[in-house]
Amino acid sequence: MSTQKGPVIVITGTPGTGKSTHAQLLANESPIPLKHVNVGDWVKEKGLYENFDDKWQSYTVDEDKLLDELEPIVAEGGIILDWHTCDAYPERWPDLVVVLRCDHTLLWERLEKRGYPLEKIQENNEAEIMQVVLDEARSSYPDLPVVELQSEGPEQLESNVTRIIEWIQAWIKDHAD
Ligand code: DAT
């Protein structure tokens, strides 16, 4: 959904791969203002869920409510959608889809530090090994650039953000008139 104000950038990946870290740095360094929406936080804060699953310690999202809430701000453009899944968004929304990846042992450590229950760590670890989010992104957005980036340390973080900024600069040129 290309608008005048800025592109719609989806940053996705298994929990712990570095989405929020990337989105924050990108929002800080972007040549044009980008609003960072942590979709998971929105779901909690705005009550956009059906229930809370005790076993998995996660919210069952009310997708209709979520999409209604997001639609007007996505329509304005200049936004980063930061969420561990991306197949709920309409295909017309994103201009770029970034999928962050991480070595599964490192991911395990990050999720342990976060205090996730063992089952939730295992489930996410397996999803990362099976590249569930990458496959989901590729099948949901067959006509879009879906970029897979490793996120295992600060150097990769910097170079990933630089790469996305280069893409934004090209987007700005393309939308100059
Ligand atoms: P997510 O938003 O995908 O759940 P996050 O941004 O909160 O992940 O990152 C989880 C933790 O891992 C956090 O302590 C920051 C760290 N991390 C993630 N990617 C990193 C990277 N490329 N370099 C250094 N630390 C990183």
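# A tour from Lys-46 to the paired strands

Select Lys-46 to begin: Lys-46 is partly exposed, with a relative accessible area of 40%. Keep in mind throughout that this is a predicted model.

**Stop 1: the partner of Lys-46**

Now add Glu-69. The side chains of Lys-46 and Glu-69 meet in a salt bridge, at 3.7 Å from N to O. This pair links distant parts of the chain: Glu-69 belongs to helix α3, while Lys-46 lies in the loop between α2 (39–45) and β3, 23 residues apart. How accessible is Glu-69? Its relative accessible area is 32%, so Glu-69 is partly exposed. In the structure there are 7 salt bridges.

**Stop 2: the negative patch**

Stay with helix α3 and show the surface. Select Glu-50, Glu-63, Asp-64, Asp-68 and Asp-87; together they form a negative surface patch. Which element gives the most to this patch? Helix α3 (residues 63–76) does, with 3 residues. Then pick out Glu-50, which sits in strand β3 (residues 49–53). Is Glu-50 buried or exposed? Glu-50 has a relative accessible area of 53%, so it counts as exposed, the cut-off being over 50%.

**Stop 3: a buried charged pair**

Move to Glu-128 and Arg-101. Their side chains meet in a salt bridge, 2.8 Å from N to O. Again the pair links distant parts of the chain: Glu-128 is in helix α5 (residues 118–129) and Arg-101 in strand β6, 27 residues apart. Colour the two by accessibility. Glu-128 is buried, at a relative accessible area of 3%. Arg-101 has 10% relative accessibility, so it is buried as well, since buried means under 20%.

**Stop 4: a second pair, and the network**

Next, select Glu-148 and Arg-138. A salt bridge joins their side chains, with N to O at 3.8 Å. Here too distant parts of the chain are linked: Glu-148 is in strand β7, Arg-138 in helix α6 (residues 132–140), 10 residues apart. Glu-148 is partly exposed, with a relative accessible area of 35%. Arg-138 is partly exposed too, with a relative accessible area of 43%.

Put Arg-101 and Glu-128 back on screen alongside Arg-138 and Glu-148. What links these four residues? Arg-101, Glu-128, Arg-138 and Glu-148 are linked in a network of salt bridges. Side chains of opposite charge can pair when their charged atoms come close.

**Stop 5: strand β7 and its neighbour**

Glu-148 leads into strand β7, so zoom in on residues 146–150. Which residues of β7 are on the covered face? Val-147 and Leu-149 are there, while Val-146, Glu-148 and Gln-150 make up the uncovered face. In a regular strand the side chains alternate between the two faces of the sheet.

Add strand β6 (residues 96–101), the element that also holds Arg-101. How do β6 and β7 run? They are parallel, joined by 5 bridges. For one matched position, select Val-97, which stands opposite Val-146 in β7.

**Stop 6: a nonpolar patch**

Go back to helix α5, this time for Ile-129, which is located there. Turn the surface on again. Ile-129, Met-130 and Val-132 make a nonpolar surface patch of about 290 Å². Ile-129 is partly exposed, at 49% relative accessibility.

**Stop 7: strand β5, covered on both sides**

Select strand β5 (residues 79–82). Which residues lie on each side of it? Ile-79 and Leu-81 are on one side, Ile-80 and Asp-82 on the other; all are buried, and both faces of the strand are covered.

Show strand β1 (residues 8–12), which runs parallel to β5 and is joined to it by 4 bridges. Then show strand β2 (residues 35–38), also parallel to β5 and joined to it by 4 bridges.

Now centre the view on Asp-82. Ile-11 stands opposite Asp-82 in β5. Asn-38 has Asp-82 as its bridge partner in β5.

**Last stop: His-22**

Finish in helix α1 (residues 19–29), where His-22 is found. Is His-22 buried or exposed? His-22 is buried, because its relative accessibility is 2%. Draw a distance from the C-alpha atom of His-22 to that of Pro-117. These atoms are separated by 25 Å, and the two residues are 95 residues apart along the chain.

Notes
Residues numbered from 1 in each chain as written. Predicted model: local features only at pLDDT ≥ 70, side-chain atom pairs only at ≥ 80, totals over all residues. Heavy atoms only, no water. Patch = residues over 30% accessible without salt bridge, like charges linked within 9 Å, V, L, I, M, F, W, Y side chains within 5 Å. Areas by Shrake-Rupley, 256 points an atom, 1.4 Å probe, with all protein chains shown as cover. Lys, Arg positive; Asp, Glu negative; His and termini not counted. Charge placed at Lys NZ, Arg CZ, Asp CG, Glu CD. Helix = DSSP H or I, 4+ residues; strand = E, 2+ residues; numbered from the N terminus. Buried < 20%, exposed > 50% of the residue type's maximum accessible area, 1.4 Å probe, protein only. Pairing = 2+ DSSP bridges.
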